[in-house]
Every structure is written in C-alpha cells, then in structure tokens.
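Colleague: Could you take me on a close look at one part of this chain, the part around its first strand, and then show me how the rest is arranged? I work at the bench, so please spell out the cut-offs as you go.

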Amino acid sequence: PKEEIGALSFIREHPEGDGRGVIVAIFDSGVDPGAAGLQTTTNGQPKILDIIDCTGSGDVDTSKVIQADSTGHITGLSGRRLKLNDSWTNPSQEWRVGMKRVYELFTDPLVKRMKMERRKSSADVLELFSFESSVRVEAFRIFEQRDGFDTTSEACLMLRGCFKQDWDRRHREVVTTAVEALAAFDVATPSPKDAQKKERLELENRIKVLKELAETYEDPSPMLDCVVWHDGSKWRAAIDSSELYTGRPQIEGSTGGQLAACKSGEQMSSSICELGAGAAMPCLTEENFALADFDVEREYGTFSPWDACNYGIHVYDEGKVLSIITDSSPHGTHVAGITAAYHPEDPDLNGVAPGAQIISCKIGDSRLDGMESGVGCTRAIIAVIRHKCHLINMSYGEPAAVPNK
C-alpha cells in the first residue's frame, strides 16, 4: 500500500529520496539474484550487493585436493570424469572437489515438480530395439558421443523420441503385458502340473514385482560435482549439473551435457567427450566458465532450464567449504521486492525504496523446512556489520513448538 503509507507522494516530492545510498539487509529465506526488478537501482547501481547463506544448508565439503592428469581431466567425487577449461588460471594446480545433492538446494515444491518431470522424461533405451539394426547402431553412437551427427537423421529423431517416453505409461504397458501373459497361460493350461505351477508362480510374481516397483519408485536426487580452485587472486568454483539433463531432450544448439555455473543466468552448454567403450563425461570447457564470491563479481548461475533455480557462491576456510546459495522459499524475494524493487518499464511495480541496495541474508534453513536458527541469525548480524548496512528487514517467523519459551 505505497499510496496509503505516503511512500509514493514522498518520492514525487523528493525524487532523489528513493533510498539511494541506503543498504538494507533482508533477513529471510534468501533472495533470487535473477529476479525481475532486483537488478539495478534508480541511479544504475547494482541492486543486490551480496547473497549469503547464513544457515550452512548449502555448504559443500571441498577439502579433498586432487591434481589434473596430463590431458587436463579430473575425477569428481561422483566418479564422473571432468574436462577442465584450458583458459582457467590455477597457479597451484590444486583442484578441490566436492559433491552435493541438488534436491538439498531446491524448495520442496520444486523438488516435487522435478521428481515428477524427471520420472516422465526417463529415457527408455530399450525402445531402440523396435527399430532396424542400422538405425539402432547410429542411435547408440549419438547416445554415446552426443556430437558430430545430423540432427534431422532418423536415428536422431528416434533417440529424441525415446528420451520423451513417459515412465508411467511404459510401466503400465509392461504390467499389461505381464497380466496378458498370465491370462494366456491360464487359458492354455487350465490344470497345470508341477513344472507348470512353477511357471505360473513366476508369472504371478512378475506382476507383483512390477506393481511394487511403481509404488517404490524413488528419485534420490541428481548429484552436483563441485570444483573449487584459486586463480591467483580469488577463489572460484564451477558446478557440473549434467545429471539434471539425463533423459531430457537436448537444448537446441547444445552438444550434450550441461554445466550449471552460468554467468548472468545464461545457460551455457558443454560437450560430452567420448572416453572409449561408449562412456561419456561432461566437460568443464566453456570460456570464463566459473563463478567467484557473489560480492566480488555479482554473477550467478542456473542449474538447468527445467528447474530455473538461480544460485550464487561463496568460498570459505581457504577453499575447504563451498557455499551454494539458493532460496528456501520465494518469501525473501517477495520481501526484497516490496522493499526496493525497481522496474523502470513499469514504475507501479516498484518497491517502497527503489533506489536502495540489498544484502540478502538467508536465515531460513532448508534442512529445517525454512526455520531460522540462532546460528543463522548470528551470522546474519555479522554480515550486516561487514557490509555496513543501514537497515535490517526481518519479517520472518513460525509457530513456536513451546510457547513463551
């Protein structure tokens, strides 16, 4: 209610009294660095000065140090073989590696949506066997190499179709086939003997196992490989999210697995390199494809187009801890928008102080269903002091387990 509280009339009378020069700390669930209206201030300054996960819920242990081999590859903690970018500077040649379940960084609604979509887009490579042998061979070559092929070829179109198969539909088809096999057996063998009884029991158990499979289907989470290094002046990190692309149709123009550490939210692709025996690996090879601490370069990444989840990073403890900063809910972004959003193309959407700058202090712990903790609030206060914030906004809380305590 900007009109009701007098904010609009004040700015009309004092155009430069729009919050410029003021830094507001948002103690909340985190602020999306890519949100519309939270990019610049009224005088062209960056809107978000820093994003900090004060809870530790996005921390990744990167204490393990490894060396690259002679071909410029390292092995991530997931076991994936990663090709390093030749343009990256690393005087020590020490690469720190870690691993994180991406679902630990997503909000609950996003996790539910991603699980549903991943289940529906699960690749069914067995579908390949319904095609001619020559087409199958070409499709497997595409599946392994992911580059150097004609995107209009029958094999390529067939492979894309396989990646779009609905897991649930395919599962129902298999169950139906099993039920029909049992029915056919009963018609052909109305009075089964000993050996035939075992065959019938096998058919019954097959149906039972298939139905249990649908009930127990679980997606434990794609894994992110994290790589941290010091470029001689600052810490940097790159995050491989290629597992989020498993079973997905490829983005037009891409050549295979995708990496997450995109600059300014632009999805950048990498190539999938052949390792022999049909194995494939993601390559960390995009130009300048690495993030620094958010307050240093103010750039962020997006894990994949399907989740559209933006994140920033901070590196702590001499590279031993990588903090991946995401929201625990959209509430913090909403609050930041009310406080200081600036929409030059639609001023009606502006916040109360469109000229102000933001420090996002995430105190809502993703591991605690977004609840704040004493440790998180203490770290947020430290961030306020370090950034010399003028104001703190904390419209946050939840019912207490023990009232009046």
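Modeller: Happy to; here is the first strand, then its neighbours, and then the rest of the chain.

A word on the ground rules: this is a predicted model, where local features need pLDDT of at least 70 and side-chain atom pairs count only at pLDDT 80 or more, while totals for chains, interfaces and linings use all residues. Residues are numbered from 1 along each chain as its sequence is written, and side-chain values use heavy atoms, with hydrogens and water left out.

Let's start with strand 1 (23-28). Helices (H or I, at least four residues) and strands (E, at least two) are DSSP runs, numbered from the N terminus. Of the 6 residues in strand 1, 6 are buried; buried means under 20% relative accessible area, exposed over 50%, and partly exposed in between, with a 1.4 Å probe and protein chains only. Cover is found on both faces: Ile23, Ala25 and Phe27 are buried on one side, and Val24, Ile26 and Asp28 on the other.

Strand 1 also has partners, where pairing takes at least two bridges found by DSSP between two strands. Strand 16 runs parallel to strand 1 and is joined to it by 6 bridges, with Ile359 as the bridge partner of Ala25. Strand 17 is parallel to strand 1 too, through 3 bridges, and here Leu391 stands opposite Val24.

Now for helix 8 (residues 331-340): 7 of its 10 residues are buried, so the helix is largely enclosed by the rest of the structure. Those buried residues are Gly332, Thr333, Val335, Ala336, Gly337, Thr339 and Ala340. Their cover includes strand 1, strand 16 (357-362) and strand 17 (391-393), judged by contact, that is, heavy atoms within 4.5 Å.

Next, the cores. A nonpolar core is a set of buried Ala, Val, Leu, Ile, Met, Phe, Trp, Tyr and Cys residues joined through side-chain atoms within 4.5 Å. The largest one has 22 residues, of which Val102, Phe106, Phe303, Tyr311, Ile313, Leu322 and Ile324 touch the most other members. Apart from that core lies another, of 17 residues, among them Val24, Ile26, Val31 and Val335. Thus Val24 and Ile26 of strand 1 share this second core with Val335, one of the buried residues of helix 8. In soluble globular proteins, nonpolar side chains tend to be buried together.

Back in the largest core, Ile313 touches Ala237, Leu291, Ala292, Asp293, Phe294, Leu322, Ser323 and Ile325, leaving aside residues up to four places away in sequence.

Elsewhere, an open sheet of 5 strands with antiparallel pairing has the order 4-7-8-9-12. Its edge strands, each pairing on one side only, are strand 4 (64-66) and strand 12 (291-292). Within the sheet, 6 bridges pair strand 7 (residues 95-101) with strand 8 (residues 223-230) in the antiparallel sense, and Arg101 stands opposite Met223 in strand 8. Thr107 is in the loop between strand 7 and helix 2 (108-120). At 18% relative accessibility, Thr107 counts as buried, and it touches Asp327, Ser328 and Ser329, again not counting residues up to four places away in sequence.

To finish with the whole chain, there are 9 helices and 17 strands, and buried residues make up 45% of the 405 residues. Of the contacts with a separation of 6 or more, 67% are between residues 24 or more positions apart.
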